[in-house]
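Me: I am new to this structure and should like to learn how to read its features. May we begin with the place where two chains meet?

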Amino acid sequence: MEQIVNLRHGDGGKYTNLLIREIFYKHFDNKLLVNSQDASVFEVKQGKLAFTTDSFVVKPLIFPGGDIGKLAVCGTINDLATAGAKPLYLSCGVIIEEGFELSLLEKIAESMGETCRKTGVSIITGDTKVVEKGSIDGLYINTSGIGVVQGEYCPKPVCEGDRIIITGGIAEHGTAIASERYQIEVQGDLQSDCMSLNKLVERIEKYMDRIKLMKDPTRGGLATALNEIAELSRLGIHLLEECIPIKKEVESVNQLLGLEPIYLACEGRMILVVDEECETILEEIRQCDGCEDAAIIGSFVNNGIRPMVFMETYIGGRRIIGSLEGEMLPRIC
Amino acid sequence: MDKGLARYLINEINLMATEEIKIMEVCGTHTQMISKLGLRSLLAPKIKLLSGPGCPVCVTDERYIDRAIEMIKKYDVTIATFGDMIRVGGMEGSLLEAKGKGRDVRIIYSPLDLIKMAEENRDRNIVFLGIGFETTAPVIALTIKTAAERGIENLFCLTAIKLMPPILDYILKQPSHNVGGLICPGHVATIKGSDYFRFIGVDYCIPAAVCGFEASDILIGIHYLVKQIRQNKKAAFKNLYRRYVRSQGNPIANQLIEDVFKVSCGVWRGIGRVENSTLDLNEKYARFDAKQVFAVEEKSIKSTSCECKDILLGNRTPKECKLFAQLCNPVKPYGPCMISSEGACAIAYRYREEI
């Protein structure tokens, strides 16, 4: 095979087939995909299905702790997980720029395959397009996912006093991308938090009747996600700055770059809204791999005015946390 | 910072605040920390914290941006700039808009990256927008010197480096100025030394202190200033950032500034001309001066209804501007104070403290 992707790899003929077989089939390997024609056919149990789609244009394609492939699989799985669904199948559409290195494409496909295997999800249909050099920047991926809604989970009305849990350190994905983009060499542990959350949701399934809301704070970060929740619940959110888990490395890089961690994306974290008796749920979450730093970061208050998020700073001051306005770091996922 | 210490200092400051006390800070990082900590919500209402002209982007004249855009149009140069500058509008639009139209505008983090950029793009003329205060001047000087040593011929600098003392003179000479005490910029003092700011007490009888940027630094600074004001020690001055700031500053950095720049008259956005307030490349390095190499016509300024001037001078707070958070917000900024992440209005908007 050649070293780079050519326009003929996208013409639907022999070379397209070669690319699909030698790269995508090889790493996504599953019968539904390999045996499918124009569409994959599968059976489902009765119940509610969840369906979602997301496109990934992250730059750089490979970053500390992940790559666009892992992100594309985890991102869609996590969207399903926040709906309380067990992810079953994914689709994968790739748009490749002419001249893209085949070895890099294979590395990304391999990473997607590996992430799927780890999470027990299969990519069962896909599409490949190649476009002229200069019309896109390298590689874009779209994944859609379908899952079965599990147990008792459905969003419930949020009340005054309800607690907010974050399942781990914030801003790690956004900071890893920023440090890579601005070539800041960091000593210590600075990696994207990119990971699938379906195992976490399975683990806390027994508490679903007490979980009122789940949301993954991706673009716009914790601040934007919490503002959406405040708006939805018509309640205020009182955050405690000193309780928000954040790695030292993340804090330092953001200080250096003048970025606000609270607005930077997470790709492997979940915000949960639970009732006041949430210690057992928190303990359960902390048992999950990658969620050791989970913490209760605030609660809902009825401040009588419009719903807003405010933070009690670590010296006791107060400030309002608005939604993200204006781009901070483009092409983060 | 230790919560107990913070509470103690805040309590002490508030106990002393029996009359209105206005304290100005002139560094964007101080402005940001004060808001980020929610300090105003902790201090007695009689303590007013004002933000002076400490954000380099905010004080950069509109015509500077227009000049850069003209250079792209007329000479097809590559513009390299710090990120914040890209959204600032001149009269002819912003660099971001120029980039959207396919012009070559690149964001850099360190001026030293320019050397690599110039060497890798020998067929392009690169114009760096060298803005900032005394703090960024040494690294810009080092970049120019390095370019000269390496015989780089395609790198140029459009300088608008501002100096602190002349603008402080300008503010403090206004009979109506509001400043009761001054938090001096710790970063500038790291380069220039704490003695650089002694004139505030001597010439204007206003207590001043060089402060760092942690919560404790700022609180200790405010505590010190309020105490001097209350005790009527008007010429008091103290370096409270001794872990970085020496009385004479950083000699290597100052030598670099001296080697490469000369002091000249500067234009401040919304304020106008201030004598001896800017650094330009000196004769030895004139060949790097983009103003001379890529001459463009200068346009005249249209007036806006924005009150950035009064905000920069500490006569008004962002919230007192009628455009604030209504017509002027970070997505659609009117004035420069809303554009840069270090601008007083952008910070006041981002960290709104009233609940």
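Reply: Let us begin with polar contacts. A polar contact is a pair of N or O atoms within 3.5 Å; within protein, one must be able to donate a hydrogen and the other to accept it, and residues adjacent in sequence count only if both atoms are side-chain atoms. Across the interface of chain B and chain A, the rule finds 4 residue pairs in polar contact, both residues at pLDDT 80 or more. This is a predicted model, in which local features need pLDDT of at least 70, side-chain atom pairs count only at pLDDT 80 or more, and totals for chains, interfaces and linings use all residues. Residues are numbered from 1 along each chain as its sequence is written, chains are lettered from A and ligands numbered from 1 in the order in which they are written, and side-chain values use heavy atoms, with hydrogens and water left out.

Me: Which helices of chain B supply at least two residues each of the side that touches chain A?

Reply: They are α1 (3–16), α2 (28–36), α3 (39–42), α11 (215–230) and α16 (344–350) of chain B. Helices (H or I, at least four residues) and strands (E, at least two) are DSSP runs, numbered from the N terminus.

Me: How many residues of each chain are in contact?

Reply: Contact means heavy atoms within 4.5 Å. By that rule, 24 residues of chain B touch 17 residues of chain A.

Me: How should I read a salt bridge, and how many does the rule find across this interface?

Reply: Side chains of opposite charge can pair when their charged atoms come close. The rule asks for a side-chain nitrogen of Lys or Arg within 4 Å of a carboxyl oxygen of Asp or Glu. It finds 2 salt bridges between chain B and chain A; Lys3(B) and Glu242(A) form one, at 3.0 Å from N to O.

Me: How many salt bridges does the structure hold over all chains?

Reply: There are 33 over all chains. Among them is the pair Arg210(A) and Asp275(A), at 3.2 Å from N to O. Arg210(A) lies in the loop between α6 (198–203) and β8 (211–215) of chain A, and Asp275(A) in the loop between β10 (271–274) and α9 (279–286) of chain A, so the pair ties together parts that are 65 residues apart in sequence.

Me: In what order do the strands of the open sheet in chain B run?

Reply: Strands of a sheet pair through backbone hydrogen bonds, either parallel or antiparallel. Two strands pair if DSSP finds at least two bridges between them. Here 6 strands follow the order β6-β3-β7-β8-β13-β12 (chain B), with mixed pairing. The edge strands, each pairing on one side only, are β6 (105–108) and β12 (261–268) of chain B.
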